Amino acid sequence: MTSKHATVSFEPDLLWRWVAARSIARGLPLPVPDHGGMRVDTGLPEEVRRYVFTSPCPGLRELAATIDTPQVYLKVCAAAADLHGLLAPRWRVQPSGYLMAHDGPPVPALPPASGYRVELLRDGAVTAARIRSADGATAASGYAAEHDGVFILDRILTHPDHRRRGLGRMLVTALGSTQRSSASRRVLVATEDGCALYSTLGWRVLSPYTTIVIPAPTQ
């Protein structure tokens, strides 16, 4: 399906820098060149490695033809429809994502909603944020990382019991306030629901971001 969001051109190295900052935010190895894209050896139980491409390319087709095991993810800045005919039937498309950027001044941090408090913890280039409810439970959480001229947001989550209370906006703006360099480009990859939230805060879609993987066999 073609993306319903308008897209704009972006510099290919922006994606590389986002992947590197994401790896730092998650304590993963930095990306390395592979098949015309980049590879991250995640080594996680649910993901052995991931490959990221700025566009469908011959290297993507060649790589996909060599993989026949699950838990290896291919990610590409393209709509799912653009991958038809490039991949064998064993590959499955995952829910849509979007590469997004925010230009101009950051949105000021919003005050905590009634009954909630925001906690920020910086560790080097990475900042972790938690929104606590009155009973101390984690109502929302997320991370930011600043590296090589980009400032990224990662793993922005709101607990189902605390949704529709503006906590996502509060979390995003709180993390945004930790950006150190005004020259850093703000970048993230969002889900469909996340895209709707970020769009209200001035973020724009640069490209659809499609994920494909070979499903693990059912037990």
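Biologist: Where is Asp148 found?
Modeller: Asp148 sits in the loop between β9 (138–147) and β10 (150–158). Bear in mind that this is a predicted model.

Biologist: And what is phi of Asp148 near?
Modeller: Phi there is near 55°. That is a positive value, and Asp148 is not a glycine.

Biologist: What about Arg164, what is phi there?
Modeller: Arg164 has a phi of about 65°. So the sign is positive in a non-glycine residue.

Biologist: Where does Arg164 lie?
Modeller: Arg164 belongs to the loop between β10 and α3 (167–176).

Biologist: Buried or exposed, that Arg164?
Modeller: Exposed, because the relative accessible area of Arg164 is 87% and the cut-off for exposed is over 50%.

Biologist: Switching to cysteines. How many disulfides does the count come to?
Modeller: Zero. The rule asks for a pair of cysteine sulfur atoms within 2.5 Å.

Biologist: Why is Cys77 without a bond?
Modeller: The closest cysteine sulfur to that of Cys77 is in Cys57, and it is 11 Å away, so the two are too far apart for a bond.

Biologist: Is Cys77 buried or exposed?
Modeller: Cys77 is buried, with a relative accessible area of 7%.

Biologist: And how far is the nearest cysteine sulfur from Cys195?
Modeller: It is 13 Å away and belongs to Cys77. Cys195 is in no disulfide either. Its relative accessible area is 0%, so Cys195 counts as buried.

Biologist: New topic, cavities. How many of 30 Å³ or more?
Modeller: One.

Biologist: What volume does the largest cavity have?
Modeller: About 100 Å³.

Biologist: Which residues line the largest cavity?
Modeller: His102, Pro106, Val107, Phe151, Leu153, Val172, Thr173, Gly176, Arg186, Leu201 and Trp203.

Biologist: Which elements give two or more residues to that lining?
Modeller: β10 and α3 do.

Biologist: Which element has the largest share of the lining?
Modeller: That is α3, with three residues.

Biologist: How does the lining divide into nonpolar, polar and charged?
Modeller: Seven residues are nonpolar, three are polar and one is charged.

Biologist: Which ones are the polar and charged residues?
Modeller: Arg186 is the charged one. His102, Thr173 and Gly176 count as polar.

Notes:
Residues are numbered from 1 along each chain as its sequence is written. This is a predicted model: local features need pLDDT of at least 70, side-chain atom pairs count only at pLDDT 80 or more; totals for chains, interfaces and linings use all residues. Side-chain values use heavy atoms; hydrogens and water are left out. Helices (H or I, at least four residues) and strands (E, at least two) are DSSP runs, numbered from the N terminus. Buried means under 20% relative accessible area, exposed over 50%, partly exposed in between (1.4 Å probe, protein chains only). On a 1 Å grid over the protein atoms alone, a cavity is a set of points where a 1.4 Å probe fits but cannot get out, and a pocket is an open set with protein on both sides within 12 Å along at least five of seven lines; lining residues have an atom within 4 Å of a point. Grid points are joined across faces, edges and corners, and a volume is the space filled by probe spheres set on the points.
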